[in-house]
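Here are a few exercises to work through with the model open in your viewer. Try each task before you read its solution.

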2 protein chains.
Amino acid sequence: MMSPDTMDAVFQALASTTRRAMLDIVRNEPGCSVGAVAGRFDVSRIAVMRHLSVLEEAGLIISDKRGRTRHLYMNAVPIQMIHDRWTSEYSALWSGRMLDIKYLAEQRRAQEGDGAETDDIAHKKGEPG
Amino acid sequence: MMSPDTMDAVFQALASTTRRAMLDIVRNEPGCSVGAVAGRFDVSRIAVMRHLSVLEEAGLIISDKRGRTRHLYMNAVPIQMIHDRWTSEYSALWSGRMLDIKYLAEQRRAQEGDGAETDDIAHKKGEPG
DNA sequence: ACCTCATGTAATGAGTTCATTACATATTAG
DNA sequence: CTAATATGTAATGAACTCATTACATGAGGT
């Protein structure tokens, strides 16, 4: 099961048009090099490398270095996990209905399967004024 | 059609466990107040308000102020749009296959239907060294 | 060995996010 | 009117993102 932090990382990685474009390239040219990707963008090679790192840390890209060249591959697993989780959680929304939906909070499922802490129903603090 | 920037905003808004938890609450308690949401989290009311603003700017929440109370509602449209776009774009991935997929870059479709600029195949700059 | 190529690391700086406290506005109840 | 309630704004600061240039490493070709 995917931890909330991992989910944060995946959404964060996808929250950039540039990074989504990079993911498209890697998906369409499996095994392509860092330089090949960098050659398509109007930013420095280092900036591209950092974007690719973000994608790789989110698990959306897997890389494999042979000789002096790093080969990049897309990994569909995190996207599938998000899709699965969200289709179950927002199933009524996907189909466009919006009826009475059973509440299955991400936190509750994380509690059952993941051992992760919940943010919901936390101890309130109160304002000073 | 959804612009790349809007898509960035939606993913960015979802890239936070706290904000996803807030969206869950609003979905399950349609018309709830800002204070009702704030009462469930261990951060200041102002921090909660800003999170809700992020969600609202991404179009994931719609609000409606009656008297001194702002009522919050979830808007499923951006999630549906992302789902539709991604299931067509990554359709082979959703089903778990991963065969030869026709390349339909987000940028290309944005060009056709949206008038938005593409980042892909941009003019390269080259490093100084 | 020497040079080039492909990638990676370090230091830096502008801009954004995310949290805080203090104060302001506006609506309802008495 | 006065007071409590609900939300909103302003100013601030720590931490992170995103881009840069300069330099370092390590593999391959001649």
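**Exercise 1.** Find the polar contacts that the side chains of A:H51, A:R68 and B:R70 make with DNA strand D, and say which part of the strand each one meets.

*Solution.* Start with A:H51: an N or O atom of its side chain sits 2.4 Å from a phosphate oxygen of DNA strand D. That's a polar contact, meaning a pair of N or O atoms within 3.5 Å (inside protein, one must be able to donate a hydrogen and the other to accept it, and residues adjacent in sequence count only if both atoms are side-chain atoms). Next, the side chain of B:R70 puts an N or O atom 2.3 Å from a phosphate oxygen of DNA strand D. A:R68 meets a base instead, with a polar side-chain atom 3.4 Å from a base nitrogen of that strand.

Before going on, two notes on the numbers. This is a predicted model: local features need pLDDT of at least 70, side-chain atom pairs count only at pLDDT 80 or more, and totals for chains, interfaces and linings use all residues. Residues count from 1 along each chain as its sequence is written, chains are lettered from A and ligands numbered from 1 in the order in which they are written, and side-chain values use heavy atoms, with hydrogens and water left out.

**Exercise 2.** Describe the protein surface around DNA strand D.

*Solution.* First, count: 21 residues surround DNA strand D, where near means a heavy atom within 4 Å. The closest are A:S44, A:H51, B:G35, B:R45 and B:R70. On the DNA side, sugar and phosphate make up 58% of the strand D atoms that come within 4 Å of the protein. Then sort by class: six nonpolar, six polar and nine charged residues. Here Ala, Val, Leu, Ile, Met, Phe, Trp, Tyr, Cys and Pro are nonpolar, Asp, Glu, Lys and Arg are charged, and the others, Gly among them, are polar.

**Exercise 3.** Which residues come nearest to DNA strand C, and which polar contacts can you find there?

*Solution.* Of the 22 residues around strand C, the nearest are A:G35, A:R45, A:R70, B:S44 and B:H51. Sugar and phosphate account for 60% of the atoms of DNA strand C within 4 Å of the protein. Now the contacts. Polar backbone atoms of A:V34 and A:G35 lie 3.1 Å and 2.7 Å from a phosphate oxygen of strand C. The side chain of B:H51 has an N or O atom 2.4 Å from a phosphate oxygen of this strand.

**Exercise 4.** Work out the strand order of the sheet in chain A, and why β1 and β2 each have one side without a neighbour.

*Solution.* Strands are DSSP E runs of at least two residues, and helices are H or I runs of at least four, numbered from the N terminus. Two strands pair if DSSP finds at least two bridges between them. β1 (residues 32-33) of chain A has two bridges to β3(A), antiparallel; A:C32 stands opposite A:L72, and A:S33 has A:H71 as its partner. β2 (residues 61-66) of chain A joins β3(A) through six antiparallel bridges, with A:K65 partnered by A:R70. In the β2(A)-β3(A) hairpin, two residues lie between the strands, and A:G67 has a positive phi near 65 degrees. The order is therefore β1-β3-β2, an open antiparallel sheet. β1 and β2 of chain A are at the edges with a single partner strand each, so one side of each lacks a neighbour in the sheet.
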